[in-house]
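This report walks through selected local features of one protein model. Please keep the sequence and the coordinates open while reading.

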Amino acid sequence: MVIVISTLDNSGGAGMLADAREIYNHRSHPFVIQSGIAVQNNDSVLKIKATDILTFESMIDSLLLSKFNLNFKEILKQEILKQSPQNSLKNNNKSKDIIKIGLICDIRQVQYILTLSNILKCDIVLDIPIISTTGYSITSPKIAKSIFTNLLPITTLFTPNKHELDYFDGMDNILSTGLKNILVKGIEFNDFYQNHHICNFIKKFNFFDTFSSFLDNNSIYDILVSKSYFRTTQNNDYFSHQNIVIFKSNKINIQTNVRGTGCAFSSIISANLSNNLNLIDSIMIAKKRIYQGILNSYYEFGSNNFLSNTSYQIH
């Protein structure tokens, strides 16, 4: 099961609707906790309104009651977690639970998510839209600071774009929180030489010259930095060495941003992790799905929203 914490996007292109669709399509079960409503169109976010905190609490309560017969309100009231940490839960099923976090609209939601995480003891995929790919600020600085301080240290995978990487002052600063894995999305060829946070981090390693032949101007890249170490590998899809993997895919030359790709990407990764795939395979499947989905959405339907491609075979 993937527990989705995100907003309702009224246009249907992003947010929890995109999350739930892709999780279901990748053979996992979505349970949605709505953090708010994002009023938006194809061009911009017009308004964000947080879910009432008591309603947010009740949605978490419904999850815990139905799955574990636990009362979240009583846990909050009695601080059961501090008194009896041995009561934390583990899932004995073949699949595992993942918490996938999108837009957080109220700083109090961060504390509720922390408590839920302490109860479930499951992996967290964090895809918080701090700044959009067009540079639009979405999350308030106060909430962003709380996410950095409280959620990043317990997160399994954080998936920022390069603007969000700059917002948090680079890779080293983010990794200093204790984060296990960071996947920076949408890196272009010139970023390896011109974006100071990316190129300075990569050039610290002695293998920059080794993988520079892997780079070209017709591709788009995602960089995974992990606490784990990987075997040195280079193929058409990725280059891995030590604790870095650089994923590569063909650049699609369209004149607009296809909305919802970030939500779908992190949700597919979450669904795959829920089904016990490893991180690299989970990312590779998600990248291929997004590539095909963008082609399907834009060229076949002329849509700015990311749409499901039912003809794409999920392996």
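The text below covers aromatic contacts, cysteines, one pocket, and several single residues.

The model is predicted.

**Aromatic contacts**

How many aromatic pairs does a search of the whole structure find? It finds nine. Phe148 and Phe168 make up one of the pairs. Their ring centres are 5.5 Å apart, with 25° between the planes. That pair is stacked, because planes under 30 degrees apart count as such. Phe148 belongs to helix H6, residues 141-151. Phe168 sits in the loop between helix H7 (162-167) and helix H8 (171-175). The pair therefore ties together parts that lie 20 residues apart in sequence. Phe168 is also buried, at a relative accessible area of 6%.

Phe189 and Tyr193 give a tilted pair. Their centres are 5.5 Å apart and their planes meet at 55°. Phe189 is partly exposed, with a relative accessible area of 21%. Tyr193 is likewise partly exposed, at 38% relative accessibility.

Which residues form one aromatic cluster? Phe148, Phe158, Tyr167 and Phe168 do. Phe148 and Phe168 thus appear both in this cluster and in the stacked pair.

A charged side chain also meets a ring. Lys248 lies over the face of Phe214. The distance to the ring centre is 4.8 Å.

**Cysteines**

How many disulfides does the structure hold? The count is zero. Cys105 is buried, at 17% relative accessibility. Cys122 is buried too, with a relative accessible area of 14%. Cys105 is placed in the loop between strand E4 (98-101) and helix H5 (107-120). Its C-alpha atom is 8.4 Å from that of Ser140. Along the chain, Cys105 and Ser140 are 35 residues apart.

**The second largest pocket**

The second largest pocket has about 210 Å³ of space. Its lining includes Asn236, Asp237, Lys248, Ser249 and Asn250. Met284, Lys287, Lys288, Tyr291 and Gln292 also line this pocket. Lys248, the residue over the face of Phe214, is therefore one of the lining residues as well.

Which element gives the most to the lining of the second largest pocket? Helix H13 does, with five residues. H13 spans residues 279-301. Strand E9 (238-250) and H13 each supply at least two residues of the lining. By type, the lining residues divide into two nonpolar, four polar and four charged.

**Positive phi values**

Three residues take a positive phi. The table lists them with their places.

| Residue | Phi | Place |
|---|---|---|
| Arg27 | about 60° | just after H1 |
| Gln242 | near 55° | strand E9 |
| Asn276 | near 70° | loop between helix H12 (261-274) and H13 |

Gln242 is partly exposed, with a relative accessible area of 33%. Strand E9, where Gln242 is placed, also contributes to the lining of the second largest pocket. Asn276 is partly exposed as well, at a relative accessible area of 45%. The loop that holds Asn276 leads between H12 and H13.

Arg27 comes just after helix H1. H1 itself covers residues 15-25. Its buried residues are Gly15, Met16, Ala18, Asp19, Ala20, Glu22 and Ile23. Asp19 and Glu22, two residues of the charged class, are among those buried.

**Two residues of helix H2**

Thr55 is placed in helix H2, residues 53-68. Leu64 lies in H2 too. Is each one buried, or partly exposed? Thr55 counts as partly exposed, at 40% relative accessibility. Leu64, at 0% relative accessibility, counts as buried.

Each has a C-alpha distance to a partner elsewhere in the chain. The C-alpha atoms of Thr55 and Ile33 are separated by 9.6 Å. These two residues are 22 residues apart along the chain. For Leu64 and Leu120, the C-alpha separation is 9.2 Å. Here the chain distance is 56 residues.

Note on methods
Residues are numbered from 1 along each chain as its sequence is written. This is a predicted model: local features need pLDDT of at least 70, side-chain atom pairs count only at pLDDT 80 or more; totals for chains, interfaces and linings use all residues. Side-chain values use heavy atoms; hydrogens and water are left out. Rings of Phe, Tyr and Trp (its six-membered ring) pair if their centres lie within 6.5 Å; planes under 30 degrees apart count as stacked, over 60 as edge-to-face and the rest as tilted. Helices (H or I, at least four residues) and strands (E, at least two) are DSSP runs, numbered from the N terminus. Buried means under 20% relative accessible area, exposed over 50%, partly exposed in between (1.4 Å probe, protein chains only). A charge sits over a ring if NZ of Lys or CZ of Arg is within 6 Å of the ring centre and within 35 degrees of the ring normal. A disulfide is a pair of cysteine sulfur atoms within 2.5 Å. On a 1 Å grid over the protein atoms alone, a cavity is a set of points where a 1.4 Å probe fits but cannot get out, and a pocket is an open set with protein on both sides within 12 Å along at least five of seven lines; lining residues have an atom within 4 Å of a point. Grid points are joined across faces, edges and corners, and a volume is the space filled by probe spheres set on the points.
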